[in-house]
Structures are given as structure tokens and as C-alpha cells.
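These are my notebook entries on one structure. I set down what I looked up, topic by topic.

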Amino acid sequence: MSAATTTGPPSLPTRVRRAVTDARALTWRNLLNYVRLPQLVVFSTIQPIMFVLIFRYVFGGAIQAPPGQSYVDFLMPGIFTQSVAFGAIGTGIGLAEDMGKGLIERFRSLPMAQSSVLVGRTTADLVRNSFVVCLMTVVGFVVGFRSGTGPLAFLAGIALLLLFGYAVSWVFVLVGLGASSAEAAQAVSFPTLFPLVFASSAFVPVESMPGWLQAFAANQPVSVTVDAVRALMLGGPTSSAVLQSLAWSLGILAVFVPLAARRFRRAV
Amino acid sequence: MAGVNVAAIALEGVSKRFGDVRALDGLDLSVAPGTVYGLLGPNGAGKTTAVRILTTLIRPDTGRARVLGLDVVERPEEVRSFIGLAGQYAAVDENLTGRENLRLIGILTHLPRSAVKARAAELLERFELADAADRPARTYSGGMRRRLDLAAALVHRPPVLFLDEPTTGLDPHSRRELWRVIEELVGGGTTLLLTTQYLEEADRLAARVAVVDGGRIIAEGTTGELKAQMASTTLELSFHDARTAARASDLLRPLAGSPPLLEGTRVELSVDDGQPALIGALRDLDRAGLALASVALREPSLDDVFLALTGRRTGADGHDDLNAGSAGHGGGAVPAGRRAG
């Protein structure tokens, strides 16, 4: 009983150290879940590989790449971006599942850094996305993808699209916290992401779309990011597209991190 | 602040609404340190809302809630370091093993690194999960999951423990096993607030009980006080035909505090003292030549208390099954073959 009188709130350095420890522990826990559930393993490995192969060999022949580019080179930056964006759906589903099972309620009753629930979730998904992108890079090289720029620019492209994936994850934190179940989170997620991912420059040149759609497709964040990654990986003018993509990612984070944090404080 | 006289758990005039639903309506509650307190009531009575306020999960609309003297709204982080919560469903990560689940909680509650492993192993041993420690929790039975959940609530040795319907949905065997674990646990000075729909559970585990209905406490006291106040022992007699039952009902009226309840071939008498009434009834029936089919003495259950207080049954799942259990230790049924005389 006396403990209540002697301890106060911990000091700031202690709090920061604990927040890092807690976020790392929950990241580890979320990654273990990815590894242990076969359907999640498939979602993170087989599915991205199939996407590469289907677009490369099934649709690729019918799609006209811009002059001077092979379709596989045009495709890979698009498919990377598509994968990290769809990966964010897992963020929402994971959180909705944890809420449904009462795990979030348990975490909230513990003397832990509350931020670590969302930071641990999105960090785990960032790690998962990094793994998926590495895997797809290997598969891409096997099916003929060649980067026209140096390794540094290539890595900068990967960093840019992982940042974008991380930002989109925070949008789906909000979806997951608001959903009544994992199924509901999934049901909301796909219709939101499909138009963004497919009405974009990811798989086809925007110029092939009808005019009214081009205005949307050319300027939305997925296209902007795909264009920036393409410039970094294949060559061409980079600064404008990269800055636009950075602005989108940072803008999404600036809006959705506080919204998600607020929602989390009220959730459960 | 938290001194010897301060309640370990205190609610003062706490109200909480969810839309049009008034979940808590001015609830007052005080639990002495080191005691087990039962919040008893049907689904929707407000028990879980009270627990969620006390464990900092939601804020009260009005009133104050304190744990060890700390206001849960003003100092939630400190409150969390002194409480453990095991909820209505086993909140464990089913894809992690039992050991990993407990280690995770150990890290999140900031036990020293070296202590995390030892504490997990100790709890697994104590809750008889050592053999299953390295299997994913999804392979556990319902009873094992609840034990793991309870162990997870104890990792950081909280002095105040909240168990929200710890045995709901468990089969009778697992329920009794969990009761044994909880009984062992409260020996060590932990303050425990337990919510339950099972009357036998509150009776068995809690020293004091509050009956909650519609977000308010409608009765409070030791289980013995509540029973003495609200209900008496029941003598249940059944006969081979309704005519004999009716005659017996008239004959035995002087034994009962109130008119006997006659239902077909069954007669129920409310009596103050069970054993003499039973002997008297058997003697009178034997003299009058009325043959019994069976006779049983039923101690008042908390279900009777709830009925007396609200005019309603609790409607809890499986309460029939539990009452059957409590009838057993009340007085014991007398087989029909052993009629007096």
C-alpha cells in the first residue's frame, strides 16, 4: 500500500526508454504473429510474387509501356508501391483483431507506454514491407528487371516507397480502431485502396486512361510515389516527383498520426 | 493519501452513460485492503463498466474512482502499475506460446530483464501450464486459456486485482479448478474485486458481496448477512400424487414461516432452521401415513437473494447447474427409499 505514496510518475528519460522497449516488444510480438500464421505468410510472400509474375507474363504483353522502356522495368516500381500500400491493410486488420480479442484492453490496463501499441503495430508492418520489397526485387531481377541508375538511387527509391507504405499504415490504424471486427476492417480497406492503386500509374501509363480519369490518376499519392520511385530506379528527372511523394507521405503522417492517437485514447 | 484506513478500491457516486443506456447510476463501493469483494449481478447490470472505470479503460461521467487512494482519472499511469486485470475473455495472444505471452507482459510491465524469464516460468508452474508452456495458446483448452490470462494479470505482482467474470463460459470442472487457483491467490494480501453472474462463485470466493442491478447497488454485505436477511432455508418435498401433496401441505403448514408452496406433487416450505423442520416433517408425515417420493433441504442461494431483491431471476447461463451443486452441500437429498418410519 505504501508503494502508492512513494512512487510518482517516472522521469522523462525513463519514459522515453520504456516507450522504446515497449514498442520493440510489441513489434516483435506482431512479427511473430506474421511468421506463425500461414495465411499471413502467404499474404506476404506468395501473393506479391504472383503479382509480379502475372503482370509480367499475363497482362504485360497487352500493355504498352512508354517509348524506350520495357514493361518489366515500367512495372516493378508500380508493383512495389502497390504491395506496400496493400500491406497497410494488414495494419488495420491486425489492430481490429487485437481489439476483438481484448488484447488492446489488456495493454491499456498495463503500466506500459500506450503509444507502443500503435508504434509497435506500424513498425512491424514496416519490417514486413521491407521484407516483401526485398523478395520482390529478387523475383524482379529474375524475370528481367534492370535498374538504370546506381545502387544509391535504387535504395533511395526503396526508402521512399517504404515511407509511403508507413504513412498509409497510419491511415489504416484509424480504420482498424474504428472497425467492429477484422472482417469489417478488411471490407472497408479494399474499396478504399483499389481505386488509388489501380487508377494510378502503377501498372499502365496514365495517358492510356480517359481524360477525366487522368486528372485524378496523375496527381494522387500512389501515382506520385510510383513516378518518383520510377525516376529513382530507371532514371529521368527526379526532384519534382520525389518532393511531391515526400510531401504526400509526411502530410498523411501529420494528419493521421494525431487522429489515430486520439482515436486510440478513446477506443476500447 | 493511501494510508491504512483508505479503501483499496473506492467508487463514490459514479455514473456512466453510453448513449441512452445508463450503465452506472451513482454507484458507491468501498473495498478494504486485502479482502475479496464480489460484484454480483446479471448481464448488463453495470459490473463490467465499473471494472473498466477502475482499470482506467474508460472515464466516469460523474463521481470519483480511486485505487489505493489514487484517482483513476487524474493519475491513470500510476494506477496501472498497481492493478492487474483479467477480463471476460481470455486476452492472450493465441499465436504466441504461453511462455511468450507471459514474457511479453513481463517486458511491458518493466520487470528487470533477468526477472522476466524467471517470473514467466514461476507462473507457468503455479498455474499448471508448465507442460504446455511452449505450445501456441491457440492449442489450449478454455480452462487453460483462462489460467494463462489470470497469470498474465499477475506478472507484475499487482496489489489490486480485478477479475471480470473469470469463469463465464467455462465447464464446471474448469470453473472449480479456477476457483481453487483464485483462492490460493488471495491468501497473500492481494485485494480482489470479482464480478460474476454466478451466485455460487461469489458465495465461495468473496467475503463481501454487492448485488448490482441497473447500475446501482441494491444490497451489500457478507454473503451470510445477505442470505440471513433475504432468504430462508427451503424444505422441498415431493409425493407420488397431487392429492397426497395437498394433504401434506395442509398438515405441515405449522412448521413453516409462511404458507407452503404447492405445485402439483411438490411442496416447498420456507423454514428458519432446516434440521429440526426436516425431522418434524418426516415425523408428521409418517404419523399421517403419507408416503414421500423424495425430500431435500436447500440452503438459500444468492439466486434466492436476487429474486427476493428484484422479483426477477438472474437468468445467468448455467445457473441451474450451479444451483444443483449448491443444493448438494446444503442439506443433502434423502432418497425416497429411506422414508422415516
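Which helix gives the largest share of the nonpolar patch? I found that helix α4 (residues 46-59) of chain A does, with 7 residues; helices and strands are DSSP runs (H or I, at least four residues; E, at least two), numbered from the N terminus.

I worked on a predicted model, in which local features need pLDDT of at least 70 and side-chain atom pairs count only at pLDDT 80 or more, while totals for chains, interfaces and linings use all residues. Residues are numbered from 1 along each chain as its sequence is written, chains are lettered from A and ligands numbered from 1 in the order in which they are written, and side-chain values use heavy atoms, without hydrogens and water.

**Patch.** I listed V42(A), I46(A), M50(A), L53(A), I54(A), Y57(A), V58(A) and F59(A) as its members, with about 720 Å² of accessible area together. Areas come from the Shrake-Rupley method with a 1.4 Å probe, only the protein chains shown counting as cover for residues. A patch takes residues with over 30% relative accessible area and no salt bridge, joining like charges within 9 Å and nonpolar side chains (Val, Leu, Ile, Met, Phe, Trp, Tyr) within 5 Å. I noted I54(A) as partly exposed, at 32% relative accessibility (buried is under 20%, exposed over 50%, partly exposed in between; 1.4 Å probe, protein chains only).

**Salt bridges.** I counted 28 over all chains, each a side-chain nitrogen of Lys or Arg within 4 Å of a carboxyl oxygen of Asp or Glu. R29(A) and D93(B) pair at 2.5 Å, N to O. This pair crosses between chains, from helix α2 of chain A to the loop between β6 (83-86) and α3 (98-108) of chain B. R29(A) is buried at 4%, and D93(B) is buried at 3%.

Within chain A, I found D227(A) bridged to R230(A), with the closest N and O atoms 3.9 Å apart. Both lie in helix α11 (residues 221-234), 3 residues apart, about one turn of the helix. D227(A) is partly exposed at 31%, whereas R230(A) is buried at 8%.

In chain B, I recorded D71(B) and R64(B) at 3.1 Å, N to O. D71(B) is buried at 8%, whereas R64(B) is partly exposed at 37%.

**Backbone.** I noted a positive phi, near 45°, at E165(B), a residue other than glycine. E165(B) sits in the loop between β7 (160-164) and α6 (172-185) of chain B and is buried, at 2%. Phi of E128(B) is also positive, near 55°, in the loop between α4 (113-126) and α5 (142-154) of chain B.
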